[in-house]
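Student: I should like to take a close look at the salt bridges of this protein. Could you please guide me through that part and then place it in its surroundings?

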Amino acid sequence: MKGLVVVLALVLATALGSAGERELRLLRDQAPPGSRPHSVTITEFGAVGDGKTLNTVPFQNAVFYVRSFADKGGAQLYVPKGRWLTGSFNLTSHLTIYLEKGAVIIGSKESSQWPIVEPLPSYGQGLDLPGPRHRSLINGYNLTDVVITGNNGLIDGQGSVWWQWLRSHKLNHSRPHLVEFLYSEEIVISNLTFLNSPAWSIHPVYCSNVKVHNVTIETSLDAPRTDGIVPDSCSNLCIEDSTVSVSHDAISLKSGWDKYGISFGRPTSDIHINRVNLLSSSGAALAFGSEMSGGISDIHVNHLRIRDSYKGISFKTSPGRGGYIKQVAISDVQMKDVHVGIEFTGNCSSHPGDSFDPSQLPVINQITLKNLVGTNISVAGVLSGIDGAPFTAICLSNLNFSMAADSASWSCSKVAGYSEMVFPEPCTELRDPSSSSSICFSLSRYSAIAIA
């Protein structure tokens, strides 16, 4: 009888203990359409979601395990409700990471949990310092078919410790990002919130066929140089239905830095940005450059909502950059409480190292901005090109800014373009009679067709 009691107790304990696992499996199996034929839960690999236990090894082991399903349709890694503290980990191809509602992946505050890696070849050094950089929290290298999604789960980089190290000059290597993909394709990031990145939140670099949609990105508005989404030497990329509120550039298109970007030679092209809400306390809501040495072209932006930002739309470059920014069409933009509505500058003078070739001049050409409305704008536009390389074919159409009290309107030098139906009236450089309105409308029509 005593033996029978022991057996029954063990059976009961097993049943009770497995109830939680059954609930996790039920939630896991109810994942949305597009999930994989195979699925595992992070707790199966020993992870503890108490916000204190370090789960770097469980995440690494889980990804290693699901690699075995790559030729079987891939697998889903399910992250249930909880606070999952971890250091940096790599992903694999044909993988979906799904964060349930209430699930929070938290980046460790220990710098040792963010390994050191070489700088990007198109930059030659890290974001903050010469030499190597810290690897991002979630990484993909040379991958295909990866989805990071969820039911409004969160990824929190706990960036404040990194911001303090940067301010106090205690960084040994450049800060990491939250999510970074290199040399990858068929990437989807959706239905998540990204908080407090040490540096940039989402950074696809040397990637193609990327979609970012229905994400929210937030950092402290006094954090140093925390960008939101940074497409970098990428092609065929779409950002839509998202909200970004950061201290520096909310969305920033890049393609390499000076001689490193020129030599690497991979442009950013075929980018579509639609229906996004942007806030940048000290940078630009939508930025191009200043690291654009591989070239930026064929960019289509529609339905922006910009508020409480230092700059609305900014094109940034410098002698030594080389490269180009061209064939850009931006339309249907609403701005409110923005200091500088539109900026073109050829004086972003930061360079990797002390040596750069000032004869490498960038080309800024065929930029169309159409259907812009602004309220409480302090400066309508500041457009300043480069000696020997003026910015040309800048086209403004149907722009109406309601200016703040004691505000300036336009300041222009070394630029040329065309404008119609613009208030306040732009500077004479943007009313060049030799510029044709067909440039503006042809690009805008192409943009409308491309996103239809």
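Tutor: The answer below begins with the whole protein, turns to the salt bridges, and then visits several neighbouring topics.

Please keep in mind throughout that this is a predicted model. The protein contains five helices and 25 strands. Of its 452 residues, 54% are buried. Among contacts with a separation of 6 or more, 75% are made by residues 24 or more positions apart. The accessible surface amounts to about 18000 Å², and carbon and sulfur atoms account for 52% of that surface.

We now come to your request. Searching the whole structure yields 14 salt bridges. One of them joins the side chains of K211 and E240, with 3.4 Å from N to O. This pair connects distant parts of the chain, since K211 belongs to strand β16 (residues 208–218) and E240 to strand β17 (residues 235–246), 29 residues apart. The two partners may be compared by their accessibility. K211 has a relative accessible area of 32%, so this residue is classed as partly exposed. E240 has a relative accessibility of 13% and therefore counts as buried, the limit being under 20%. The pair also takes part in a wider arrangement, for K211, E240, D241 and R275 form a network of linked salt bridges.

A second example is formed by R307 and D308, whose side chains meet at 2.8 Å from N to O. R307 is partly exposed, with a relative accessible area of 46%. D308 is likewise partly exposed, and its value is 35%.

The third example is the salt bridge between the side chains of E343 and K311, with 3.1 Å from N to O. Here again distant parts of the chain are linked: E343 lies in strand β22 (residues 324–345), K311 lies in strand β21 (residues 296–316), and 32 residues separate them. Both E343 and K311 are buried.

Let us return to strand β16, where S208 is also found. With a relative accessible area of 15%, S208 falls under the 20% limit and is therefore buried. Beyond the residues within four places of it in sequence, S208 is in contact with S184, E185, E186, S235 and N236.

The next topic is enclosed empty space. Rolling a probe the size of a water molecule over the atoms shows where such space is left. The structure has one cavity of 30 Å³ or more, and the volume of the largest cavity is about 40 Å³. Its lining consists of V179, E180, F181, I187, I189, I202, H203, P204, C207 and V210. Strands β13 (179–182), β14 (185–195) and β15 (202–205) each contribute at least two residues to this lining.

Y206 offers a way to another buried site, because the side chain of this residue makes a polar contact of 2.6 Å with the side chain of S122. S122 sits in the loop between β8 (116–117) and β9. The relative accessible area of S122 is 1%, so this serine is buried. Apart from neighbours within four places in sequence, S122 is in contact with Y206, G256, W257, Y260, G261 and F264.

Strand β9 (133–134) appears once more as part of what covers the buried residues of helix α3. That helix spans residues 160–167, and V161, W162 and W163 are buried within it. Just after α3, H169 adopts a positive phi of about 60°.

Finally, consider W410, a residue of strand β24 (residues 391–413). W410 counts as buried, because its relative accessibility is 13%. Leaving out residues up to four places away in sequence, W410 touches I342, A380, G381, L383, L396, L399, V422, P424, E425, P426, C427 and L430. With P424 there is a further detail: a polar atom of the W410 side chain lies 2.8 Å from the backbone oxygen of P424. T428 stands 18 residues from W410 along the chain, and the C-alpha atoms of the two are separated by 9.8 Å.

To return to your request, the three salt bridges described here are K211 with E240, R307 with D308, and E343 with K311.

Definitions and conventions. Residues numbered from 1 in each chain as written. Predicted model: local features only at pLDDT ≥ 70, side-chain atom pairs only at ≥ 80, totals over all residues. Heavy atoms only, no water. Salt bridge = Lys/Arg side-chain N within 4 Å of Asp/Glu carboxyl O. Helix = DSSP H or I, 4+ residues; strand = E, 2+ residues; numbered from the N terminus. Buried < 20%, exposed > 50% of the residue type's maximum accessible area, 1.4 Å probe, protein only. Contact = heavy atoms within 4.5 Å. Areas by Shrake-Rupley, 256 points an atom, 1.4 Å probe, with all protein chains shown as cover. Polar contact = N/O pair within 3.5 Å; in protein donor to acceptor, adjacent residues only side chain to side chain. 1 Å grid on protein atoms, 1.4 Å probe; cavity = no way out; pocket = protein on both sides within 12 Å on 5 of 7 lines; lining within 4 Å. Points joined across faces, edges and corners; volume = space filled by probe spheres on them.
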